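Got a few minutes and a structure viewer open? Here are some short exercises to work through, each with its solution.

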Amino acid sequence: MRNDFLKSFIGSVTVEVAGQYPERLLNACLKNNIHVWNVRHGGNDNIQFDVALNDIAKIRVLFRHSACKTTFTKRSGLPFFMKKVKIRAGFAIGMVAFFMLMLFSSSMVWGIHIKGASPHVEQELREVIDEIGIKRGAFQFKLPQPDEVQRIVTEYIDEATWIGVRKKGTTFEFEVVEQVRQEAPELLSPRHLVAAKKAVIHKMFVEDGKAVKKTNDFVEEGELLVSGFIGAEGKEQTVAAKASVIGEIWYTSSVTVPLENTFASLTGEQQSKRMLVLGDIEIPFWNIKEPDYETYETFEQETEWSLFGYRLPIQFRTIDQRETLEFTRTYTKEEAVAVAKEEARRELREKIPEDAEIMSEHVLQEAVENDKVSLMIHYQVLEEIAREKPIIQGD
């Protein structure tokens with residue numbers, strides 16, 4: 001029984017014999033061709049040795065005719081391991097199924113990333129790779145190698161100079177370099193520039209055309225700012241007028257803010273849902289029911305598990321549903337005025353261009369009626385006021 005592999009395969013048991021003359025039992029085992037090994041003394045009148053599992057039935061007969069006390073202290077080997085596995089069959093099956101699912105999932109395509117492509121080229125590229133078979137859920141071993149995919153997509157996409165293909169774990173990455181086409185110069189028709197709004201001209205810079213107005217002039221909507229006619233009288237030519245005309249414009253905003261407002265806040269109570277995410281599939285397994293809160297806010301968080309730098313297709317998502325409670329806040333007059341100014345400025349920003357500049361604001365009227373603060377605010381704003389007006393033949 002010196003073969004360790006064979007001993008592990010058939011199983012072995014450690015026997016402890018205590019009493020007078022335990023060596024007699026050991027000699028009886030040898031006479032009956034029962035192989036023992038690792039014989040060792042455990043103290044006075046006490047010995048231990050290992051015996052094969054299939055010899056236990058023989059040794060039990062010898063135990064009955066012996067005055068010594070025998071104990072089986074240790075069991076080892078494949079038969080005992082299989083017995084434990086059988087007892088924990090559910091756990092063992094789950095572990096095997098998990099690793100098989102991981103292996104199965106890692107051999108599929110779960111992501112397709114395209115970089116550097118315009119929407120039109122990206123759509124065309126997705127159609128080509130879909131025909132090749134590269135799509136979510138496709139098995140990787142059925143697909144061509146990345147260099148072959150690169151050759152195919154480069155042949156089909158005429159608008160791309162180069163397309164790089166890389167397989168990164170369960171994801172295919174495509175990097176596109178499109179052809180650079182020189183844009184034709186913009187062809188402008190002859191035109192004037194007129195005022196788009198009533199304003200006072202604050203700053204004026206003319207590239208082409210003839211300035212009709214100057215700084216600090218007041219202009220009405222539609223009034224001519226830069227003429228598209230240039231040259232001496234009788235020898236005039238028409239051009240596309242180009243200029244930047246910044247005008248000072250006045251806006252008036254009226255806003256009302258109640259002295260009491262209702263807000264919502266978190267109470268600290270929450271319910272958390274758990275779900276397994278497999279690609280686009282979500283499998284809930286904890287707290288499936290909706291909470292019994294009257295009002296709540298939802299916060300989501302997903303794991304970022306990865307293996308060797310690659311994101312795994314299996315993740316866990318947590319959804320926290322936190323209870324909210326409404327409460328009423330009371331403003332003083334000064335606080336309500338500050339809130340009203342902020343609201344009025346936000347509304348003004350939605351009306352004017354992004355590059356417009358608010359120079360100043362002045363409160364024209366302030367009133368408190370029916371538990372509400374009402375403000376009328378005057379703003380001075382600088383913004384572009386030039387608008388194109390085509391020159392029609394005969395003007």
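The exercises below go from the whole chain down to single residues, and the model you're looking at is predicted.

**Exercise 1. Work out whether the chain is spread out or a compact globule.**

Solution. Start with the parts list: the chain has 8 helices and 24 strands. Next, take the radius of gyration, which is 43 Å, and set it against the 21 Å that the globule rule gives for 395 residues. The chain's value is well over the rule's, so the chain is more spread out than a compact globule. Then look at the C-alpha trace, which spans about 140 × 70 × 35 Å along its principal axes. For the surface, about 26600 Å² is exposed, and carbon and sulfur atoms supply 52% of that. As for burial, 31% of the 395 residues count as buried.

**Exercise 2. Find what share of the chain's contacts with a separation of 6 or more comes from residues 24 or more positions apart.**

Solution. Set aside pairs with a separation below 6, then pick out those 24 or more positions apart: they make up 65% of the contacts that remain.

**Exercise 3. Describe the largest pocket: how much space does it hold, and what lines it?**

Solution. First the volume: roughly speaking, you have about 350 Å³ to play with. Now the walls: 19 residues line the pocket, and W110, T170, T171, R311 and L312 lie nearest its centre. Strand 5 (111-115), strand 7 (171-178) and strand 20 (310-311) are the elements that give two or more residues to this lining. Finally, sort the lining by class, and you get 5 nonpolar, 8 polar and 6 charged residues.

**Exercise 4. Decide whether T324 is buried or exposed, and list what it touches.**

Solution. Locate T324 in strand 21, which runs over residues 314-330. Its relative accessible area is 9%, and buried means under 20%, so T324 is buried. Leaving out residues up to four places away in sequence, T324 touches S265, L266, T267, T295, Y296 and E297.

**Exercise 5. Place N33 and D371, and say what phi is in each.**

Solution. Take N33 to begin with: its phi is near 60°, a positive value in a residue other than glycine. N33 sits in the loop between helix 2 (22-31) and strand 2 (36-43). With a relative accessible area of 61%, N33 is exposed. Now go to D371, where phi is near 60°, again positive in a non-glycine residue. The loop that holds D371 lies between strand 22 (357-369) and strand 23 (372-384). D371 has a relative accessible area of 59%, over the 50% cut-off, so D371 is exposed.

Key. Residues numbered from 1 in each chain as written. Predicted model: local features only at pLDDT ≥ 70, side-chain atom pairs only at ≥ 80, totals over all residues. Heavy atoms only, no water. 1 Å grid on protein atoms, 1.4 Å probe; cavity = no way out; pocket = protein on both sides within 12 Å on 5 of 7 lines; lining within 4 Å. Points joined across faces, edges and corners; volume = space filled by probe spheres on them. Helix = DSSP H or I, 4+ residues; strand = E, 2+ residues; numbered from the N terminus. Nonpolar A, V, L, I, M, F, W, Y, C, P; charged D, E, K, R; others polar. Rg over C-alpha atoms; globule rule 2.2 N^0.38 Å. Buried < 20%, exposed > 50% of the residue type's maximum accessible area, 1.4 Å probe, protein only. Contact = heavy atoms within 4.5 Å. Areas by Shrake-Rupley, 256 points an atom, 1.4 Å probe, with all protein chains shown as cover.
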